[in-house]
Amino acid sequence: TQSSDFHTAAVPSVDGSVYLTVGREASGAPETENVKVSDLVSRAPFVDGRGSFYVGSRHSTAAALDRDTGEILRVVSGENMAPNQCGNIAERSVVWLGRTDHSVSMYDTRTGASDV
């Protein structure tokens with residue numbers, strides 16, 4: 001079966017999972033797979049058994065917030081510090097929040113077309 005005979009639909013979940021539904025465009029019952037996006041990113045780059053090439057990235061950010069006002073005092077990431085820096089935070093009551101974003105793209109290895 002050619003990889004172009006398949007089409008993948010991805011439905012994200014609130015818990016970091018993604019439901020991949022793979023089925024033939026013309027006919028055939030779809031096949032559903034539940035995977036964590038972070039697991040796909042940690043495996044990427046790779047080619048699956050259907051001929052889809054996966055690439056992924058991970059980006060982490062942290063923000064310092066004033067505990068009393070909620071004002072964003074500083075945003076930092078692995079790449080840079082955002083321009084909204086507010087002086088010395090040592091004199092403020094600070095709460096740090098962290099966030100990690102994962103993204104995955106899939107491509108057909110035969111055509112190079114984006115699948116998801």
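**Exercise 1. Asp48 and its contacts**

In which loop does Asp48 lie? Work out its burial class and list its polar partners.

*Solution.* The model is predicted.

- Step 1: place the residue. Asp48 lies in the loop between β4 and β5.
- Step 2: classify its burial. The relative accessible area of Asp48 is 15%. Buried means under 20%, so Asp48 is buried.
- Step 3: follow the side chain to the backbone. The side chain of Asp48 reaches the backbone nitrogen of Gly51 at 3.1 Å.
- Step 4: look for a side-chain partner. Asp48 and Tyr54 are joined through their side chains by a polar contact of 3.1 Å.

**Exercise 2. The aromatic pair**

Search the whole structure for aromatic pairs, then classify what you find by geometry.

*Solution.*

- Step 1: count. The search of the whole structure gives one aromatic pair.
- Step 2: take the geometry. The ring centres of Phe46 and Tyr54 are 4.4 Å apart, and the planes meet at 10°.
- Step 3: apply the cut-off. Planes under 30 degrees apart count as stacked, so the pair of Phe46 and Tyr54 is stacked.
- Step 4: check burial. Phe46 and Tyr54 are both buried.
- Step 5: look for a charge over a ring. Arg43 places its charged end over the ring of Phe46, 3.9 Å from the ring centre.

Tyr54 thus appears twice: as the ring partner of Phe46 and as the polar partner of Asp48.

**Exercise 3. A nonpolar patch**

Which residues make the nonpolar surface patch of about 290 Å²? Place Val47 in the fold and give its exposure.

*Solution.*

- Step 1: list the members. Val47, Phe53, Val55 and Tyr107 make the patch.
- Step 2: place Val47. This residue is in strand β4, residues 46-47.
- Step 3: classify Val47. Its relative accessible area is 47%, so Val47 is partly exposed.

**Exercise 4. Salt bridges around Arg92**

How many salt bridges does a search of the whole structure find? Trace those that involve Arg92, and contrast them with the bridge between Arg67 and Asp68.

*Solution.*

- Step 1: count. The search finds four salt bridges.
- Step 2: take Asp66 and Arg92. Their side chains meet in a salt bridge, at 3.0 Å from N to O. This pair links distant parts of the chain, 26 residues apart. Asp66 is in strand β5 (residues 52-66), and Arg92 is in the loop between β6 (72-77) and β7 (94-108).
- Step 3: compare exposure. Asp66 has 7% relative accessibility and counts as buried. Arg92, at 31%, is partly exposed.
- Step 4: take Arg92 and Glu71. The closest N and O atoms of this salt bridge are 2.7 Å apart. Glu71 lies in the loop between β5 and β6 and Arg92 in the loop between β6 and β7, so the bridge ties together parts 21 residues apart in sequence. Glu71 is partly exposed at 34% relative accessibility.
- Step 5: combine. Through shared partners, salt bridges join Asp66, Glu71 and Arg92 into one network.
- Step 6: turn to Arg67 and Asp68. Their side chains form a salt bridge at 3.6 Å, N to O. Both Arg67 and Asp68 are exposed.

**Exercise 5. The fold as a whole**

What does the secondary structure of the chain come to, and in what pattern does the chain run?

*Solution.*

- Step 1: count elements. The chain has one helix and seven strands.
- Step 2: read along the sequence. The pattern is β-β-β-α-β-β-β-β.
- Step 3: add burial. Of the 116 residues in the chain, 24% are buried. Asp48 and Asp66 are among the buried residues.

How values were computed
Residues numbered from 1 in each chain as written. Predicted model: local features only at pLDDT ≥ 70, side-chain atom pairs only at ≥ 80, totals over all residues. Heavy atoms only, no water. Phe/Tyr/Trp six-rings, centres within 6.5 Å; stacked < 30°, edge-to-face > 60°. Buried < 20%, exposed > 50% of the residue type's maximum accessible area, 1.4 Å probe, protein only. Lys NZ or Arg CZ within 6 Å of the ring centre and 35° of its normal. Patch = residues over 30% accessible without salt bridge, like charges linked within 9 Å, V, L, I, M, F, W, Y side chains within 5 Å. Areas by Shrake-Rupley, 256 points an atom, 1.4 Å probe, with all protein chains shown as cover. Helix = DSSP H or I, 4+ residues; strand = E, 2+ residues; numbered from the N terminus. Polar contact = N/O pair within 3.5 Å; in protein donor to acceptor, adjacent residues only side chain to side chain.
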